[in-house]
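Me: I'd like to learn how to read the metal sites, pockets and domains of a model. Could you walk me through one?

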Amino acid sequence: MAEDIEFYKRRLARERNARKQAEALIEQKSLELFYQAQERELALRESEERYRLLVESSPDAILVESDGRIVFANAAAQHLFHADSADVLLNRTMTELAAPACQAQVATAIHELKRDGSSRAGEEQALRLDGKIIDITVTRLSFQYRGNRAVHMVARDISERKELETRLHYQATHDTLTGLPNRNLLVDRLDLAIAEARRENRRFMVSFIDLDRFKWINDSFGHNAGDALLQSVASGMSACLRESDLLARIGGDEFVLLLCNTSSEDESVSVLRRVMAAVNHRVTIDGHVIVVTCSAGCSVYPDDGDTADALLRSSDAAMYRAKEAGRNTMQLYNPDLRSRFNERVKLQTDLRYALERDELDLHYQLQVEIHSGSIKGVEALLRWKHPELGNIAPSRFIPIAEESGLIQSIGEWVLRRACAQNKSWQLAGIPPIRISVNLSAKQVNRQGLESQVAQCLAATQLDPAWLELELTESASMDDPDKTLTLMHSLRKLGVALSIDDFGTGYSNMQYLRLFPVEKLKIDGSFVKGIVHDTGCRAIVDAMISLAHRLGLTVVAEMAETANQVSILAACGCDQIQGNFYSKPIPADQCAELLSAGRMSELNSLGA
Ligand code: C2E
Ligand code: MG
Ligand code: MG
């Protein structure tokens, strides 16, 4: 029992000892921790102090926004935002401090920054507390602040640099005397206007304006007087314009007006007239009353040019014409071209209705054998009697018909009318004659010509032997292989073929040999020169012998005089189609001549 008591006493003493040791250890450790914590706090405080000093003395404005309000702003921020003290900036938002135009952009940037924790740098405009807007460069980054996402902003005023840049840009793009845009800016704006007009399929006008006799004013009254005049003229002209118009001074007394937002050319012209009227005034210089006027030339995009340079050149050229026309006037670029363009548009519109309004007709021109005077054929030639403009030559409207695609229906109509006419002559007992019909290059190149011809022959019941199709030399040689195939299929129908306007294109002699044609029609331009031009005669002579060697019959077009006909006869030409024998005439008159079958003795030279 006593042993047990002793045992427990020892054990108790051991445990007491152990507890004491543990307590001493804990005390020592916590002291260590305490000292460490104290050291860390000191270091933190030192580092915070360093940071605070750095931030406080930074030349850049530094602000911190947390929980939607500014919680810190340094002295530079106070200075940047023109605040009485840094505290005045507290509790505002960063968005509030942005210029109104930038506020939405700043709000989005801050929102994104908080979301993705990244940083953003750029240039924007800030709103100072005194209401002034300034340009700043700004960097914002997001960080964790007391458990919240906060935004740290560093900003610097760059208004001076921006102003300098703006000033330099202004100087590079404006004329210092009048303050108007200069050539650089004009060309930039012209390029933009062209791109826009091209996209929107619009037209616009460029006018070149030059003061009349400015050099004389400058020389007589001195440069100061000249400069003052230029300034007053520039401000007078500018007063007539809208913001979207551009008036530039591109040289001494040369101005260019760019009108992009007018609804028509007429409106542009009337704006220009107003501008010219503003120039037109009396000034008194050194007691002399001087009437100031100007001359203007206009070009229109895209008709008169599709680059800035081309448009300026065209309007400049037109301005010179205005000067020639007696000054104080305006001139559109190349009015001949313009009116021809307008006429073309009108003809194209009217041609669409020509068939249904029965305005088209065929005339017929005889092809006469020189040595016998006998009529060997007739060519059908299209005529258009326009209700207002009268007779219009095929050389004017056929290209329009080709361009607009109308040639297909018109060509078919010609073919049918010519076949029907020939058939009706035959039915009237007139000795059968071959009728030739012109084919446009557009008809030749289109699929289905053979079946169109076959249908025409079937519908009119004309024997194919009495139909001849004329293909021009240039259309035939465009794609000679294709032409060759077409010619063979047309020949299979039983119709004859000839090459028209020979000598005006570039013939490939190999193909000329291969083409299944019967006739070569020498172009009228060679016949014209045959009497006086020995070179011309030599060419005609060579063409005729070449054709004969290839087994072709030669028809000379446009022979008007006995002299021409006798030279052609001497060269061995077979037939003549020209006014010497007969002009193209209406069907009834032609029928009379065809009934005779032979031209009068007077005209048949070779008979
Ligand atoms: P082309 O086929 O070479 O027709 C001959 C042209 O010469 C005709 O002009 C005719 O009137 C003209 N001519 C004939 N003899 C004389 C003359 O002695 N002196 C002068 N100065 N001219 C003469 P036109 O009728 O004005 O036709 C011109 C061209 O238009 C034709 O030349 C032809 O290429 C084309 N053309 C005419 N009708 C048609 C047609 O129905 N379809 C197609 N695709 N083209 C046609
Ligand atoms: Mg012809
Ligand atoms: Mg011809």
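Reply: Here is a short tour of the metal sites, the pockets, the domains and one polar contact. This is a predicted model, where local features need pLDDT of at least 70, side-chain atom pairs count only at pLDDT 80 or more, and totals for chains, interfaces and linings use all residues. Residues are numbered from 1 along each chain as its sequence is written, chains are lettered from A and ligands numbered from 1 in the order in which they are written, and side-chain values use heavy atoms, with hydrogens and water left out.

Me: Which residues coordinate the magnesium ion (ligand 2)?

Reply: Donors are N, O and S atoms within 2.8 Å of the metal (3.2 Å for Na, K and Ca); water is not among the atoms, so sites may look incomplete. For the magnesium ion (ligand 2), the donors are Glu 379 (OE), Asn 438 (OD1), Glu 470 (OE) and Asp 500 (OD), at 2.1 to 2.2 Å. Along the sequence their spacing reads E-x58-N-x31-E-x29-D. Glu 379 in strand S14 and Asp 500 in strand S18 link distant parts of the chain, 121 residues apart. Strands here (E, at least two residues) and helices (H or I, at least four) are DSSP runs, numbered from the N terminus.

Me: And what are the protein donors of the magnesium ion (ligand 3)?

Reply: Asp 500 (OD), Asp 501 (OD) and Glu 557, which is listed with two OE donors, lie 1.9 to 2.5 Å from the magnesium ion (ligand 3). The pattern along the chain is D-D-x55-E. Asp 500 bridges this ion and the magnesium ion (ligand 2), and the two ions lie 4.1 Å apart.

Me: Is Asp 500 buried or exposed?

Reply: Go by relative accessible area: buried means under 20%, exposed over 50%, and partly exposed in between (1.4 Å probe, protein chains only). Asp 500 counts as buried because its relative accessibility is 4%. Asp 501 has 24%, so it is partly exposed. Glu 379 is buried too.

Me: How much space lies in the largest pocket?

Reply: A pocket is found on a 1 Å grid over the protein atoms alone: it is an open set of points where a 1.4 Å probe fits, with protein on both sides within 12 Å along at least five of seven lines, and lining residues have an atom within 4 Å of a point. Points are joined across faces, edges and corners, and the volume is the space filled by probe spheres set on them. The largest pocket holds about 940 Å³. Of its 33 lining residues, Glu 379, Leu 381, Pro 394, Asn 438 and Asp 500 are the closest to its centre. Elements supplying at least two lining residues each include strand S14 (375-386), helix H12 (407-427) and strand S18 (496-502).

Me: What about the second largest pocket, and which element gives the largest share of its lining?

Reply: The second largest pocket has about 310 Å³ of space. H1 gives the largest share of its lining, four residues. Among the lining residues are Glu 48, Arg 52, Phe 72 and His 152. Domain bounds come from an automatic or database assignment, and this lining draws at least three residues from each of domain 1 (1-52) and domain 2 (58-162).

Me: Which domains complete the chain?

Reply: Domain 3 (181-333) and domain 4 (344-596) are also in the assignment. The centres of domain 2 and domain 3, taken over C-alpha atoms, are 48 Å apart.

Me: Finally, what does the side chain of Asp 210 contact?

Reply: A polar contact is a pair of N or O atoms within 3.5 Å; within protein, one must be able to donate a hydrogen and the other to accept it, and residues adjacent in sequence count only if both atoms are side-chain atoms. The side chain of Asp 210 makes one with the side chain of Lys 323, at 2.9 Å. Asp 210 sits in strand S6 (residues 204-211) and is buried, at 9% relative accessible area.
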